[in-house]
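Thanks for coming, everyone. I'll take one structure and walk through it piece by piece. Have a look at it first.

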Amino acid sequence: LNSCTAAIFLTLKYLRIKEGDEIITTPLTFCSTVNSILHVGATPVIADINQKTLNIDPKEIEKNITKKTKVIFPIYMNGRVMEINKIKQIAKKKRIFLSVSI
């Protein structure tokens with residue numbers, strides 16, 4: 001693919017994300033993350049960040065999960081360490097797809 005935007009869009013299409021589905025992501029990301037979510041008809045749900053890492057906070061992810069949540073889409077901020085193992089546990093426990101972008 002020619003861009004991460006296209007990759008995000010195709011990932012969401014592959015996962016059969018549709019109108020009414022919710023995708024949890026971070027507020028600190030390039031606009032194409034949210035634009036791709038909107039482009040497939042889903043609703044972006046913004047979970048706050050950890051102030052130290054600037055990455056999405058697993059506690060905030062858990063607060064934002066609903067029955068409509070289909071994907072957790074964390075984005076690494078400038079190569080900073082993310083609590084990805086905690087996020088994986090949340091996704092597995094709740095049976096939600098996890099799609100990670102670097």
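Start with Ile49. What does Ile49 touch, once we leave aside its neighbours within four places in sequence? Thr26, Pro27 and Leu28 are among its contacts. So are Leu54, Asn55, Ile56 and Asp57. Ile49 sits in the loop between β2 and α3. It is a loop residue, but Ile49 is buried, at 13% relative accessible area. One distance to keep in mind: Ile49 and Gly20 lie 29 residues apart in sequence, and their C-alpha atoms are 24 Å apart in space.

A caution before I go on. This is a predicted model. Every value I quote is computed from it.

Now the whole chain. The protein chain has 4 helices and 4 strands. In sequence order the pattern is α-β-α-β-α-β-α-β. The C-alpha trace spans about 30 × 30 × 20 Å along its principal axes. How does the radius of gyration compare with that of a compact globule? For 102 residues, a compact globule would come out near 13 Å. The protein chain has 12 Å, which agrees. Buried residues make up 40% of the 102. Next, contacts between residues at least 6 apart in sequence: 55% of them join residues at least 24 apart. As for surface, the chain exposes about 6400 Å². Carbon and sulfur atoms supply 54% of that.

On to the helices. Take α2, residues 31–39. Its buried residues are Ser32, Thr33, Ser36 and Ile37. Looking down the axis of α2, those buried residues fall within an arc of 140 degrees, so they line one face of the helix. The general point is that an α-helix has 3.6 residues a turn, so residues three or four places apart point the same way. What covers the buried residues of α2? The cover includes α1 (4–14) and three strands: β1 (22–25), β2 (43–46) and β3 (69–73). After α2 comes Gly41, with a positive phi near 90 degrees.

Compare α4, residues 84–94. Here Ile84, Ile87, Ile90 and Ala91 are buried. They span an arc of only 120 degrees around the axis, so they sit on the same side of α4. Which residues are exposed on the other side of α4? Asn85, Gln89, Lys92 and Lys93. The buried residues of α4 are covered by elements including α3, β3 and β4 (97–98). Just after α4, Arg95 also has a positive phi, of about 60 degrees.

Next, charges. Side chains of opposite charge can pair when their charged atoms come close. How many salt bridges does the model have? The count is 3.

Number one: Lys18 with Asp21, with the closest N and O atoms 3.6 Å apart. Lys18 is partly exposed, at 49% relative accessible area. Asp21 is buried, at 5%.

Number two: Lys63 with Glu60, at 3.0 Å between the closest N and O atoms. Both belong to α3, residues 58–64. They are 3 residues apart, so about one helical turn separates them. Lys63 is exposed, with a relative accessible area of 62%.

Number three: Lys86 with Glu83, at 3.0 Å, N to O. Lys86 is partly exposed at 46% relative accessibility. Glu83 is partly exposed too, at 29%.

Last, the cysteines. How many disulfides are there? The count is 0. Why is Cys4 unpaired? The closest cysteine sulfur to that of Cys4 is in Cys31, 12 Å away, which is too far for a bond. The cut-off for a disulfide is 2.5 Å between sulfurs. Seen from the other end, Cys31 is in no disulfide either, and its nearest cysteine sulfur is that of Cys4. Buried or exposed, or in between? Cys4 is partly exposed, at 41% relative accessible area. Cys31 is also partly exposed, at 46%.

To recap. The chain alternates helix and strand, in the pattern α-β-α-β-α-β-α-β. The buried residues of α2 line one face, and those of α4 share one side. There are 3 salt bridges and 0 disulfides. And Ile49, back in its loop between β2 and α3, is buried. That's it from me.

Key
Residues are numbered from 1 along each chain as its sequence is written. This is a predicted model: local features need pLDDT of at least 70, side-chain atom pairs count only at pLDDT 80 or more; totals for chains, interfaces and linings use all residues. Side-chain values use heavy atoms; hydrogens and water are left out. Buried means under 20% relative accessible area, exposed over 50%, partly exposed in between (1.4 Å probe, protein chains only). Helices (H or I, at least four residues) and strands (E, at least two) are DSSP runs, numbered from the N terminus. The arc is that of the directions from the helix axis to the C-beta atoms. Contact means heavy atoms within 4.5 Å. The radius of gyration is taken over C-alpha atoms; the globule rule is 2.2 Å times the number of residues to the power 0.38. Accessible areas come from the Shrake-Rupley method with a 1.4 Å probe; for residues, only the protein chains shown count as cover. A salt bridge is a side-chain nitrogen of Lys or Arg within 4 Å of a carboxyl oxygen of Asp or Glu.
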